[in-house]
Amino acid sequence: MKKLLMTPGPTNVPEEIRKKMAEDVIHHRMADYKKLFSDVSENLKHFFKTKQEVLTLTCSGTGVMEAAVVNLFSKKEKVLVINTGNFGQRFVEIATTYDLDVVELKYNWGSTYDLEDVKKVILNNPDLKGILMTHSETSTGVLNDIQSVGDLTKDTNILLVVDSISGMVVNPLEFDLWSLDCVIAGSQKGFLLPPGLAFVALSEKAKKAIERSNLPKFYFDLKKYIKFLKEKQQNPYTPAITLVVGLKCACDLLLEEGLDSIQLKHTKLRKYLGEELIKLGFEYFVKDEKARGNTLVAVTHKKIENMDDFRGIIDKNGISIAGGQGNYTGKLLRIGCLGKITKIDIDRTIDEIKKVLV
């Protein structure tokens with residue numbers, strides 16, 4: 001039996017996508033790629049719920065986080081980072097690396113943010129240029145409310161930058177309606193693909209900021225990507241052609257199923273997985289049901305001393321489960337609910353967990 005990925009990315013890649021990516025490689029400066037890339041770029045707008053162009057980069061999620069920072073801001077500008085976990089912390093580190101003036105709202109892992117804190121920072125910092133936050137915090141299972149922050153920034157000069165790398169597809173997101181300025185996503189989560197592609201949507205406000213930005217960039221200069229997409233329907237540099245071919249197939253499959261149906265299905269699967277784990281003595285890491293996203297379920301267990309040893313045994317039996325990060329290394333199980341996960345996959349996972357518990 002093949003290995004089952006029950007991780008919050010990478011996820012299992014459906015067979016039809018794998019077959020499509022196994023076809024002969026095409027050249028990225030020819031008409032067939034141009035047509036493919038044009039179709040994919042148009043399809044991506046449906047997932048972001050936007051009329052704006054969606055750019056495609058060849059890089060990891062961390063790469064596109066860095067791209068967002070270096071394109072939207074200038075040296076010494078002040079940004080707020082809403083830090084609710086490991087990937088909020090990554091935004092802090094990237095912004096600090098580029099010598100931005102970082103105001104940090106840091107919360108305990110497993111908790112979401114407090115909107116009143118954000119209001120106070122905005123009120124007390126009239127020179128604030130941006131807010132960086134995570135939609136789905138993959139390290140904890142928290143789904144942060146980004147719409148409420150969008151309501152605060154929509155009529156201001158403050159840019160709202162959202163990491164939805166693990167949030168996109170399986171959780172609701174409305175780029176235009178929620179007044180978001182920059183949203184980034186990755187291929188290896190809800191988009192059913194291997195790692196290697198990243199996506200960026202930009203508001204008109206964000207595009208104006210890009211023109212002013214003086215932070216250093218070359219490969220990640222989004223002005224080049226915007227220009228090439230508009231004028232040539234291509235990437236400025238050699239793309240991951242095979243992944244773009246797979247992306248077209250993935251978009252077709254996902255759009256055929258429909259985003260509303262996908263999100264409803266993953267809500268049910270996430271709740272079912274959580275209920276089955278609770279029956280086995282596990283406890284939710286995210287205590288507030290309203291703050292739990294559909295990307296994963298994070299749990300602890302009082303009788304398991306080392307979660308990494310525990311999941312290592314399960315991995316040998318053909319099922320990969322993610323562990324804790326940072327200070328929670330060895331203390332958490334993080335079980336993914338995104339991608340082509342079914343109730344049968346969850347039942348198989350629960351059965352293996354039962355065996356190891358016994």
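A residue is called buried when its relative accessible area is under 20%, and exposed when that area is over 50%. Keep that cut-off in mind, as I will use it several times. The model on the screen is a predicted one.

Let me start with two phenylalanines. F47 has a relative accessible area of 3%, so F47 is buried. F191 is at 0%, so F191 is buried as well. How many aromatic pairs does the structure have? The count is 10. F47 and F191 make one such pair, with an edge-to-face arrangement: the centres are 5.1 Å apart and the planes stand at 65° to each other. Along the chain these two residues are 144 residues apart. F47 belongs to helix α2, residues 31-48, while F191 lies in the loop between β9 (182-186) and β10 (197-202). The pair therefore links distant parts of the chain.

Now the other rings. F218, Y219, F220, Y225 and Y237 are joined into a cluster by ring pairs. One ring of that cluster, F218, also has a charge over it: the charged end of K224 sits 3.6 Å from the ring centre. The ring of Y284 has a charge over it too, from R292, with the charged end 3.6 Å from the centre.

Next, the interior. In soluble globular proteins, nonpolar side chains tend to be buried together. Here the largest nonpolar core has 92 residues. Which residues have the most contacts inside this core? They are L57, L72, I131, F191 and L202, and F191 is the residue from the edge-to-face pair. Helix α9, residues 241-257, gives the most to the core, with nine residues. Another core, apart from this one, has 23 residues, including L273, Y284, M307 and I341.

To see what one core residue touches, take I131. Leaving aside neighbours within four places in sequence, the contacts of I131 include L80, I82, V118, V149 and L160.

G88 can be looked at in the same way. G88 is in helix α4, residues 86-97, and at 0% relative accessibility G88 is buried. With neighbours within four places left out, G88 is in contact with V81, I82, N83, T134 and E137. G88 and E137 are 49 residues apart along the chain, yet their C-alpha atoms are separated by 7.5 Å.

Now the cysteines. How many disulfides does the structure hold? It holds zero. Why does C59 not form one? The closest cysteine sulfur, in C182, is 12 Å from the sulfur of C59, too far for a bond. For C251, the closest cysteine sulfur is in C249, at 9.5 Å, which is again too far for a bond. Both cysteines are buried: C59 has a relative accessible area of 12%, and C251 has 0%.

Last, a sheet. Strands of a sheet pair through backbone hydrogen bonds, either parallel or antiparallel. In this open sheet, five strands follow the order β1-β13-β14-β12-β11, and the pairing is mixed. Which strands are at the edges? They are β1 (4-6) and β11 (283-284), each pairing on one side only. Strand β11 runs antiparallel to β12, residues 296-300, and two bridges join them. Y284 stands opposite V299 in β12. That is the Y284 with R292 over its ring, and one of the residues of the 23-residue core.

How values were computed. Residues numbered from 1 in each chain as written. Predicted model: local features only at pLDDT ≥ 70, side-chain atom pairs only at ≥ 80, totals over all residues. Heavy atoms only, no water. Phe/Tyr/Trp six-rings, centres within 6.5 Å; stacked < 30°, edge-to-face > 60°. Helix = DSSP H or I, 4+ residues; strand = E, 2+ residues; numbered from the N terminus. Buried < 20%, exposed > 50% of the residue type's maximum accessible area, 1.4 Å probe, protein only. Lys NZ or Arg CZ within 6 Å of the ring centre and 35° of its normal. Disulfide = S-S within 2.5 Å. Core = buried A, V, L, I, M, F, W, Y, C linked by side-chain atoms within 4.5 Å. Contact = heavy atoms within 4.5 Å. Pairing = 2+ DSSP bridges.
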